[in-house]
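Here is a quick tour of one protein model, written for someone who likes to know the cut-offs behind each term. We start at a pocket and then move on to sheets, cysteines and charged pairs.

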Amino acid sequence: FGALSDGREVTAYRYRNVSGSEFVVLDYGVTLQSLLVPGRDGKLVDVILGYDTAKEYEENGGFFGACIGRVCNRIGKSSFTLDGVKYDLVPSEGKNQLHGGTQGFDRRFFDVAEVENGLRFTRLSPDGEEGFPGNVNVAITVTLSDDNVLTFAYEAKTDKATAVSLTNHAYYNLAGEGDMLDHEFKICASRFTPVDAESIP
């Protein structure tokens with residue numbers, strides 16, 4: 001898929017199910033680069049916003065399609081206290097930390113293995129990475145069922161109390177093209193997390 005500025009090669013992995021739908025995920029950031037599924041007319045359409053080169057993912061913001069960790073969202077003043085110990089994190093958005101720091105999971109390489117209906121991505125996030133305590137073994141399994149259900153399954157095992165909150169940061173356009181501002185989206189939730197003026201939970 002091309003190389004980063006330091007010469008490291010990024011590999012794109014494609015999985016296709018029996019109906020012809022497919023996803024492409026990079027080993028760099030477990031980044032969902034494309035997702036082709038049948039549209040209204042039955043023709044395959046890419047519903048993910050993504051770049052065409054590794055360089056674009058490295059140079060542009062927005063976390064397009066990437067895995068976010070160790071902690072998604074913002075941590076105010078780039079610190080937290082756990083079990084009476086204060087941990088100072090690497091700030092990445094002013095004084096706050098956003099999506100795991102300047103070198104969060106979106107900027108890391110993962111090992112890849114084939115699994116049923118998809119791929120499994122793993123890496124060790126070492127103690128102290130971006131300021132977080134504990135060694136954390138992370139596994140992210142991406143599958144696409146034969147009836148076109150895309151699943152991201154996250155696992156994290158640590159040897160020390162720590163903060164972990166993983167997600168995927170894909171931008172979807174279910175039409176596959178054009179403006180998506182007329183999409184309707186419903187979340188069936190009984191709770192939500194309020195934020196302050198700096199978007200800190």
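The largest pocket is lined by Val37, Pro38, Gly39, Arg40, Asp41, Lys43, Leu44, Val45, Val47, Leu174, Ala175 and His183. Two elements, β3 and β4, each give two or more residues to that lining. The volume of the largest pocket comes to about 290 Å³. For the record, the search runs on a 1 Å grid over the protein atoms alone: a pocket is an open set of points with protein on both sides within 12 Å along at least five of seven lines, a cavity is a set of points where a 1.4 Å probe fits but cannot get out, and lining residues have an atom within 4 Å of a point. Grid points are joined across faces, edges and corners, and the volume is the space filled by probe spheres set on the points.

Before going further, keep in mind that this is a predicted model, in which local features need pLDDT of at least 70 and side-chain atom pairs count only at pLDDT 80 or more, while totals for chains, interfaces and linings use all residues. Residues are numbered from 1 along each chain as its sequence is written, and side-chain values use heavy atoms, with hydrogens and water left out.

**Two open sheets**

The pocket elements β3 and β4 belong to an open sheet of four strands, ordered β1-β2-β3-β4 with antiparallel pairing. Strands here are DSSP runs of E with at least two residues, numbered from the N terminus, and two of them pair if DSSP finds at least two bridges between them. β1 (12-16) and β4 (44-46) sit at the edges with a single partner strand each, so one side of each has no neighbour in the sheet. From one strand to the next the twist averages 15 degrees; such angles are taken between N-to-C directions of lines fitted to C-alpha atoms and run from 0 to 180 degrees. Inside this sheet, β2 (residues 22-26) and β3 (residues 31-38) pair in the antiparallel sense over five bridges, and Val25 stands opposite Leu32 in β3.

Another open sheet has four strands in the order β10-β11-β12-β13, and its pairing is antiparallel too. Its edge strands are β10 (111-115) and β13 (150-158), each pairing on one side only. Neighbouring strands in this sheet are turned by 20 degrees against each other on average, direction ignored. Strand β12 (residues 136-144) runs antiparallel to β13 and is joined to β13 by nine bridges, with Leu144 opposite Leu150 in β13. The hairpin of β12 and β13 has five residues between the strands, and Asn148 takes a positive phi near 70 degrees there.

**Cysteines**

How many disulfides does a search of the whole structure find? The count is zero, where a disulfide is a pair of cysteine sulfur atoms within 2.5 Å. For Cys67, the nearest cysteine sulfur is that of Cys72, 9.4 Å away. Cys67 is buried, at 1% relative accessibility, whereas Cys188 is exposed, at 73%. Those words have limits: buried is under 20% relative accessible area, exposed is over 50%, and partly exposed lies in between (1.4 Å probe, protein chains only).

**Salt bridges**

Side chains of opposite charge can pair when their charged atoms come close. The working rule asks for a side-chain nitrogen of Lys or Arg within 4 Å of a carboxyl oxygen of Asp or Glu, and it gives a count of twelve salt bridges. Among them are these:

| Salt bridge | Closest N to O distance |
|---|---|
| Asp6 and Arg8 | 2.8 Å |
| Arg74 and Glu93 | 2.6 Å |
| Arg123 and Glu129 | 2.9 Å |

Arg74 and Glu93 link distant parts of the chain, 19 residues apart: Arg74 is in strand β6 (residues 74-75), and Glu93 is in the loop between β8 (85-88) and β9 (97-98). Arg74 counts as partly exposed at 23% relative accessibility, and Glu93 is partly exposed at 30%. Asp6 is partly exposed as well, at 49%, and so is Arg8, at 40%.

What about Arg123 and Glu129, buried or exposed? Arg123 is buried, with a relative accessible area of 12%, and Glu129 is buried at 10%. Both belong to a network of salt bridges that links Arg108, Arg123, Glu129 and Glu130.
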